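Here's a quick tour for anyone meeting this structure for the first time. Have a look at the picture, then read on.

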Amino acid sequence: MPGASPSTSSRPPPGTSDPTVFSARGGFGSVFKGWIDENTFAPARPGTGMVIAVKKPNQEGFQGHREWLAEVNYLGQLSHPNLVKLVGYCLEDEQRLLVYEFMPRGSLENHLFRRSSHFQPLSWNLRMKV
């Protein structure tokens, strides 16, 4: 699959288990901020290399294996400026992880539907342009 790299480790990259780099939690699970080397995709020290977001689906949540696989298949093949880039994924036993490029300004969904107090909703004029 172009663009997405599989991993056989069920552990998130270094730095992602630190609660200070926790990014979000939702019905799908948790998202952690981490860093990898841009060339080798090996784990990197916090603050160096490419910033990534590691999505760890909630095993008791609504996103099952079929949905996870669909996300890997579609985002691993698609490339568009308005879509987040899937950097890699992990599937080991029942552990599933998705590794995305980090979006420092948050997701479009948060800006459209104001999921938290950190985001100002987009104007209708700007929404129509998106």
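In this predicted model, helix α1 tucks W68, E71, V72, L75 and G76 away as buried residues. Looking down the axis of α1, those buried residues fall within an arc of 105 degrees, so they line one face of the helix. That fits a simple rule: an α-helix has 3.6 residues a turn, so residues three or four places apart point the same way.

**More on helix α1**
- Flip to the other side of α1 and you'll find R66, Y74 and Q77, which are exposed.
- What do the buried residues of α1 pack against? They pack against three strands: β4 (50-57), β5 (86-92) and β6 (95-101).
- The helix covers residues 65-77, and at 1.5 Å a residue its 13 residues should span 18 Å. The C-alpha atoms at its ends are 18 Å apart, so the expectation and the model agree.

**The cavity**
- Searching the whole structure turns up one cavity of 30 Å³ or more.
- The volume of the largest cavity is about 40 Å³.
- Its lining is made up of K56, P57, Q59, E94, Q95 and R96.
- Strands β4 and β6 each chip in at least two residues of that lining.

**How confident is the prediction?**
- Across the chain, the pLDDT averages 75, and 70% of the residues score at least 70.
- Over residues 7-17, though, the pLDDT is below 50. That stretch still has 30 contacts in the model beyond near neighbours in sequence.

Technical notes. Residues are numbered from 1 along each chain as its sequence is written. This is a predicted model: local features need pLDDT of at least 70, side-chain atom pairs count only at pLDDT 80 or more; totals for chains, interfaces and linings use all residues. Side-chain values use heavy atoms; hydrogens and water are left out. Helices (H or I, at least four residues) and strands (E, at least two) are DSSP runs, numbered from the N terminus. The expected span of a helix is 1.5 Å times one less than its number of residues. Buried means under 20% relative accessible area, exposed over 50%, partly exposed in between (1.4 Å probe, protein chains only). The arc is that of the directions from the helix axis to the C-beta atoms. Contact means heavy atoms within 4.5 Å. pLDDT is the predictor's confidence in each residue, from 0 to 100. On a 1 Å grid over the protein atoms alone, a cavity is a set of points where a 1.4 Å probe fits but cannot get out, and a pocket is an open set with protein on both sides within 12 Å along at least five of seven lines; lining residues have an atom within 4 Å of a point. Grid points are joined across faces, edges and corners, and a volume is the space filled by probe spheres set on the points.
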